[in-house]
Amino acid sequence: MSTLEEVKQQLKKAKQELREARKEIEELKIREVLYLERLDNWAEKNQYLNSKISNMTMDEVAQMQKAKAEYNEKYLKDKEMAEAFDKQSQVKLDTLGVNNE
């Protein structure tokens with residue numbers, strides 16, 4: 001048979017485990033609420049975008065395609081400029097005596 005002291009120790013250990021489990025459950029409940037809020041926000045945004053896309057006129061579609069083409073051109077120009085700058089900085093480093101190996 002267990003002594004009184006052993007039973008007290010087991011009770012103390014069980015209470016501690018219960019506190020930890022309750023704390024973990026509270027954290028999970030908070031996380032669940034946050035995930036549900038994010039899901040609701042996503043659903044609202046998705047519904048808004050779907051209705052916006054389905055109600056577009058042909059003029060709006062053409063305008064969006066034009067804007068996308070302009071963005072792509074600008075992106076390519078910026079990329080070329082960045083590559084030219086990188087190449088120029090490598091040349092400057094090489095002329096200063098720094099080996100680029």
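Let's start on the surface, where Glu-17, Glu-20, Glu-24, Glu-26 and Glu-27 form a negative patch. Patches join like charges within 9 Å, using residues with over 30% relative accessible area and no salt bridge. Asp and Glu count as negative, Lys and Arg as positive, and the place of a charge is CG of Asp, CD of Glu, NZ of Lys or CZ of Arg. Accessible areas come from the Shrake-Rupley method with a 1.4 Å probe.

Keep in mind that this is a predicted model, where local features need pLDDT of at least 70 and side-chain atom pairs count only at pLDDT 80 or more, while totals for chains, interfaces and linings use all residues. Residues are numbered from 1 along each chain as its sequence is written, and side-chain values use heavy atoms, without hydrogens and water.

Glu-17 lies in helix α1 (residues 4-54); helices are DSSP runs (H or I) of at least four residues, numbered from the N terminus. Because its relative accessibility is 46%, Glu-17 counts as partly exposed (buried is under 20%, exposed over 50%, partly exposed in between).

Now move to helix α2 (residues 58-95), where Asp-78 and Lys-74 lie four residues apart, about one turn of the helix. Asp-78 forms a salt bridge with Lys-74, their closest N and O atoms being 3.1 Å apart; the cut-off is a Lys or Arg side-chain nitrogen within 4 Å of an Asp or Glu carboxyl oxygen. Lys-74 counts as exposed because its relative accessibility is 52%.

Finally, step back: of the protein's 101 residues, 0% count as buried.

How values were computed
Helix = DSSP H or I, 4+ residues; strand = E, 2+ residues; numbered from the N terminus. Buried < 20%, exposed > 50% of the residue type's maximum accessible area, 1.4 Å probe, protein only. Patch = residues over 30% accessible without salt bridge, like charges linked within 9 Å, V, L, I, M, F, W, Y side chains within 5 Å.
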